Amino acid sequence: MIHIENNVFTLHTRRTTYQLKADAHGVLLHTYYGARIGSDDLSPLIQLVDRGFSPNPNELGRERNYSLDTLPQEYSSCGVGDYRMPAVVVQNADGSHLADLRFQKYETRPGKYALPGLPAFYGAEADTLVITLEDHVTRLAVELYYGVFEEYDLICRAARIANHGGASVQLLRACSACLDFPRDDLDFITFDGRHTMERELCRTPVRPGVQSVGSVRGTSSHQHNPFVMLCERNADEDHGLCFGAALLYSGGFEAAVESNQFHDARFTIGITPHHFCWTLEPGDSFTTPEAAFICSPDGFAAMSHRWHRAIRTHLCRDPYKGRRRPLLVNNWEATLFDFDADKLVEIAAAAAPLGIDMLVMDDGWFGTRSSDFGGLGDWTVNESKLPGGLEALVPRVKALGLDFGLWIEPEMVSEDSELYRAHPDWAFHAPNRAPSRGRSQLVLDFTRADVRDYIYDTLCQVLRNADIRYLKWDFNRSLSDVWSVALPPERQGEVYHRYILGLYDMLERFHRDFPDLLIEGCSGGGGRFDAGMLYYTPQIWCSDNTDAIDRLRIHYGTSFCYPVSSMGSHVSAVPNGQTGRTTPLETRGIVAMSGAFGYELDLSEASPEERAIMKRQNEDYHKYYNLIHFGDYYRLTNPFENERYTAWEHVSEDKREALVSLVKGTARAALPCLTLRLRGLDESLRYRVNGEGSWLGGTLMHAGYPIPTGGGDYRAIQLHLTAE
């Protein structure tokens with residue numbers, strides 16, 4: 001709901017309020033964001049004080065208690081007296097870096113705004129507010145977009161920056177959102193890591209100065225995720241005020257918080273300014289990616305529940321936002337490059353009796369690809385491995401009752417490929433320099449429509465020649481040597497962003513032309529696990545690390561924003577290829593089940609006992625699918641703090657059913673008895689646990705449920721609760 005009175009704009013959601021105001025000088029102030037309150041003008045809470053070395057706007061004459069350097073602003077500009085982080089930085093035609101943005105007008109619209117060429121939350125039940133600011137000298141205008149989803153406490157932000165003047169302007173920084181808090185007693189939570197250990201929670205107090213995370217890799221990256229949080233110092237899963245911010249963008253980003261000299265905090269999020277320079281000729285405009293915010297007055301769990309629901313229902317799109325995802329087996333860890341059609345059919349034949357829905361053929365099916373040193377870009381079937389091509393292989397797999405999926409890496413090219421030999425200029429490289437390689441491959445210049453058209457047309461031919469139901473879209477290196485022959489030298493600062501726009505254009509074309517195709521995103525696992533990709537790929541391979549114990553940490557951090565349904569998660573062979581660890585098959589299944597479930601091993605080599613366990617796992621996954629994918633997810637323990645066991649819980653919306661999973665650490669002698677306190681249940685209902693007993697929900701949550709000790713290393717337990 002949007003309430004407007006006397007240029008005070010109050011955005012109400014079910015549990016929160018966000019307020020801004022255009023003051024008498026046309027400065028757009030940020031006055032409040034927190035638990036829901038009324039629509040009173042809160043600008044009197046802003047105390048105007050004469051501060052040394054904080055300059056005053058010229059029109060105020062001798063008045064010295066009003067300074068942009070001390071006011072909480074909604075979209076801070078540059079060069080006119082605010083020395084904190086700016087939301088926008090420009091270079092004008094005269095060489096100056098000034099932008100004095102003042103309020104011009106506003107409008108409201110029914111439904112949620114859209115961003116052409118960019119991912120965004122959508123929904124007719126949302127409301128949109130657009131506020132226009134303008135510099136009266138250069139006539140640079142900024143339209144600030146607000147989308148309000150009342151039910152989810154979700155507020156979306158974006159900015160459109162337009163040059164209405166007569167001279168060109170260069171954008172050097174263009175944030176999606178700026179948010180000022182009149183406090184610095186907050187913690188900054190980021191989700192950091194590395195390849196095969198992504199999204200580890202890092203919590204630090206906000207301190208004086210600037211703290212930031214981001215990526216300059218051209219991707220959202222394994223190292224830092226474009227979802228961050230600010231929260232009260234005492235906030236935890238069930239208590240305290242917290243703010244989650246997600247950038248719907250798959251390229252380089254920056255999220256930063258600055259505590260200033262007067263103990264206020266400013267938060268900004270948007271495209272990284274590293275290597276960013278966008279020229280706006282007269283009449284041109286630039287639209288930032290969308291930033292989305294959810295505030296929870298009730299701790300982390302409630303915030304996560306709202307993120308999960310909003311992403312599932314208003315970011316992921318048909319047909320797979322509500323449809324069941326296939327339970328699949330991927331051949332990569334089973335065979336690597338060493339496979340042929342008969343081997344794939346052998347795996348499919350072993351999968352069919354286990355209740356598996358799909359076989360996915362991974363890297364190595366095309367061109368002359370037999371290692372990662374060549375073949376990328378040549379998207380024609382290697383008939384020495386697959387006689388008769390996919391037209392022969394896919395029917396053999398489908399005859400066994402399985403659908404068929406395919407691995408691709410469309411954005412890359414090998415130097416040892418027919419494509420590169422024909423078009424070396426299609427790969428990123430700077431003049432007179434030999435480009436660096438990543439995984440022995442180069443990056444195609446997706447800023448160019450001719451490159452995208454060629455790759456798209458080639459892959460379309462593959463998809464139309466066989467019944468392909470799924471694509472695993474991989475991206476196995478970071479960008480470097482970024483230079484495009486398609487742009488002049490003065491516009492090379494646009495290449496990184498134009499690359500992401502080209503990627504989104506390709507994905508949108510697949511979504512349009514193959515509406516029933518499920519695409520799973522991947523970038524060496526979780527290197528591009530972001531809300532922007534979920535608009536196009538409703539699930540993403542969570543990590544190349546399939547070790548069940550490491551996955552406990554990876555899933556924990558990922559779950560703060562991203563729903564279980566988005567996390568590609570498979571059972572792999574032991575000893576695990578990344579860690580060398582051996583864990584029980586039951587444990588690997590229970591961990592992988594909290595995601596888009598599948599297998600990553602050679603099923604044809606499984607013993608009869610292992611196949612029986614897998615069959616039960618798959619039956620359980622189908623049985624609990626709705627509960628796991630659409631229920632509320634509770635983190636019962638923190639695996640970074642509790643090495644004895646990790647536990648989590650899925651609870652149905654009506655609270656009549658729950659699934660509790662617990663994985664123990666390494667065994668120890670004479671351990672204390674374990675009692676696990678559950679969450680999210682109805683205190684007044686009685687529950688049967690695995691079909692036995694009768695426990696009050698209040699008892700299970702406050703007193704707990706006894707967990708047996710012993711059993712060896714990494715043993716797992718699963719409890720299914722049903723209300724009587």
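Buried means under 20% relative accessible area, exposed means over 50%, and partly exposed lies in between. The exercises below apply to a predicted model.

**Exercise 1. Cysteines**

Determine how many disulfides the structure holds, and account for Cys242 and Cys542.

Solution.
Step 1. A disulfide is a covalent bond between the sulfur atoms of two cysteines. The cut-off for a pair of cysteine sulfur atoms is 2.5 Å.
Step 2. For Cys242, the closest cysteine sulfur belongs to Cys231 and is 6.6 Å away, so the distance is too far for a bond.
Step 3. For Cys542, the closest cysteine sulfur is that of Cys522, at 11 Å, which is also too far for a bond.
Step 4. A search of the whole structure returns zero disulfides.
Step 5. Cys242 has 0% relative accessibility and therefore counts as buried. Cys542 is buried too, with a relative accessible area of 0%.

**Exercise 2. Helix 6 against helix 7**

Describe how helix 6 (residues 449-464) and helix 7 (residues 495-513) pack: what are the angle, the axis distance and the residues of the contact?

Solution.
Step 1. The two helices pack at an angle of about 30 degrees, and their axes are 11 Å apart.
Step 2. Angles under 35 degrees count as roughly parallel, so helix 6 is roughly parallel to helix 7.
Step 3. The crossing of the two helices is right-handed.
Step 4. Helix 6 contributes Arg452, Asp453, Ile455, Tyr456, Leu459, Leu463 and Arg464 to the contact, while helix 7 contributes Gly502, Asp505, Met506, Arg509, Phe510 and Asp513.
Step 5. By class, the residues of this contact are six nonpolar, one polar and six charged.

**Exercise 3. Helix 10**

Decide whether helix 10 (residues 585-593) is enclosed or open, and list its buried residues.

Solution.
Step 1. The buried residues are Leu585, Thr587, Arg588, Gly589, Ile590, Val591, Ala592 and Met593.
Step 2. These are eight of the nine residues of helix 10, so the helix is largely enclosed by the rest of the structure.

**Exercise 4. Three residues in their surroundings**

For Pro205, Leu636 and Ser414, state the location, the burial class and the contacts beyond four places in sequence.

Solution.
Step 1. Pro205 is part of strand 12 (residues 197-205). Its relative accessibility is 48%, which means that Pro205 counts as partly exposed.
Step 2. Leaving aside neighbours within four places in sequence, Pro205 is in contact with Leu186, Asp187, Gln211 and Arg233. Pro205 and Leu230 are 25 residues apart in sequence, and their C-alpha atoms are 9.4 Å apart.
Step 3. Leu636 sits in the loop between strand 31 (632-635) and strand 32 (645-651). With a relative accessible area of 16%, Leu636 is buried.
Step 4. With the same exclusion of neighbours within four places, Leu636 is in contact with Ala647, Trp648, Glu649, Val660, Leu676, Arg677, Leu678 and Arg679. From Leu636 to Lys343, the separation is 293 residues in sequence and 42 Å in space, C-alpha to C-alpha.
Step 5. Ser414 lies in the loop between strand 24 (412-413) and helix 5 (418-422). At 1% relative accessibility, Ser414 is classed as buried.
Step 6. Outside its neighbours within four places in sequence, Ser414 is in contact with Arg369, Phe373, Gly374, Gly375, Leu376 and Tyr420.

**Exercise 5. Backbone geometry**

Examine the peptide bonds before Pro319 and Pro575 and phi of Phe53 and Lys655. Where in the chain do these residues lie?

Solution.
Step 1. Most residues other than glycine have a negative phi, and most peptide bonds are trans.
Step 2. The Asp318 to Pro319 peptide bond is cis, its omega being near 5 degrees. Pro319 belongs to the loop between helix 1 (300-314) and strand 21 (328-330).
Step 3. The Val574 to Pro575 peptide bond is cis, with omega near -5 degrees. Pro575 is in the loop between strand 29 (567-572) and helix 10.
Step 4. Phe53, which is not glycine, has a positive phi near 65 degrees. Phe53 lies in the loop between strand 4 (28-35) and strand 5 (88-91), and at 82% relative accessibility Phe53 is exposed.
Step 5. Lys655, also not a glycine, has a positive phi of about 65 degrees. Lys655 is in the loop between strand 32 and strand 33 (657-664), and at 29% relative accessibility Lys655 is partly exposed.

Methods
Residues numbered from 1 in each chain as written. Predicted model: local features only at pLDDT ≥ 70, side-chain atom pairs only at ≥ 80, totals over all residues. Heavy atoms only, no water. Buried < 20%, exposed > 50% of the residue type's maximum accessible area, 1.4 Å probe, protein only. Axes fitted to C-alpha atoms, helices over the stretch in contact; angles between N-to-C directions. Parallel < 35°, antiparallel > 145°, perpendicular 65-115°, else oblique. Left-handed = near helix turned anticlockwise from the far one by under 90°. Contact = heavy atoms within 4.5 Å. Nonpolar A, V, L, I, M, F, W, Y, C, P; charged D, E, K, R; others polar.
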